[in-house]
Structures are given as C-alpha cells and as structure tokens.
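Got the viewer open? Switch to a cartoon view and keep the selection box handy, then follow along.

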Amino acid sequence: SVNTDILPLADDLDWSDPRKTLPWFPRHGDHLNVDAGNSGFDLNWSYGSGPVFRVVITLDPEHPTGRNILPAGQSGVADSPHFADQSGYWLANKTIPVRITLEDVLAGATSRETFTSK
C-alpha cells in the first residue's frame, strides 16, 4: 500500500518526465538476486511479491551489532507515522541499526513505557 502518493518519487519532476505519473516505484531486480522482486516469467515486469526485510547481524561476543530495514515501515497501521517511514531507505538499499544491547536500546529510545500488574 506504499505508493508514490504516500512517498513521492521526487518533488521537482517536470510534467514531461515519464516518472511523474508512475503509481509505484521503478526497481531493478528479479527472483535471482539480492533485490528479489519476483517479476515472474510472463514478462510484464511488475512485482507480485518480494523480501519482507533485510538484516545483517555481527555476532561479536563483546558487542553484537546489526543493520536492518523493512520495505515499508515498522507499523502496519496506515495512519501511523511509522507506516512508510522506512520505504525511502529500502528503495535506496540503506539500513538502520538494530539495537541489541541494553545500552544501544536506551541510546536509541524515543519514548518509554512502564507496565505494572494489579
């Protein structure tokens, strides 16, 4: 559901640019590479499905680290600010850090909630 209405290709495309009216995102890739797009075998060059995330983890015993990205965003709720917040990164093959250790989680926290039981 993330399309060019939600994440425009560019703000300054001239009216004559063929990308101006694209409803989706032009991508390279097929079903045989890291940017898998499952273009199928019917040569219509559209994607029916693809990877659900990209992740790399370094299992260093002293300080494990990781990088990850989701093709849309962290939330599946369409009106959430996190619905499509990773789409631009995904399309640019960029990633964000996976916070594994307590120190990393605290350093990257944007809010905190406390749960108690009655």
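Start with the hairpin: strand 1 and strand 2 make it, with six residues between them. Keep in mind that this is a predicted model. To pull up the pair, select 54-58 for strand 1 and 65-69 for strand 2. These strands run antiparallel, and five bridges join them. For a spot to zoom in on, pick Thr58: its bridge partner in strand 2 is Thr65.

Next, add residues 96-98, which are strand 3. How many bridges does strand 3 share with strand 2? There are three, and the pairing is again in the antiparallel sense. Two positions are worth labelling here. Show Gly66 and you'll find Val98 of strand 3 standing opposite. Then show Asn68, which has Ile96 of strand 3 opposite.

Now zoom out and keep the three strands selected. Together they form an open sheet, in the order 1-2-3, with antiparallel pairing. Which strands sit at the edges? Colour strand 1 and strand 3: these are the edge strands, and each of them pairs on one side only. Finally, turn the view to look along the sheet and check the twist, which averages 25° from one strand to the next.

If you want one selection to save, take 54-58 and 96-98 for the edges, plus 65-69 for strand 2.

Technical notes: Residues are numbered from 1 along each chain as its sequence is written. This is a predicted model: local features need pLDDT of at least 70, side-chain atom pairs count only at pLDDT 80 or more; totals for chains, interfaces and linings use all residues. Side-chain values use heavy atoms; hydrogens and water are left out. Two strands pair if DSSP finds at least two bridges between them. Helices (H or I, at least four residues) and strands (E, at least two) are DSSP runs, numbered from the N terminus. Axes are lines fitted to C-alpha atoms, for helices over the stretch in contact, and angles run from 0 to 180 degrees between N-to-C directions.
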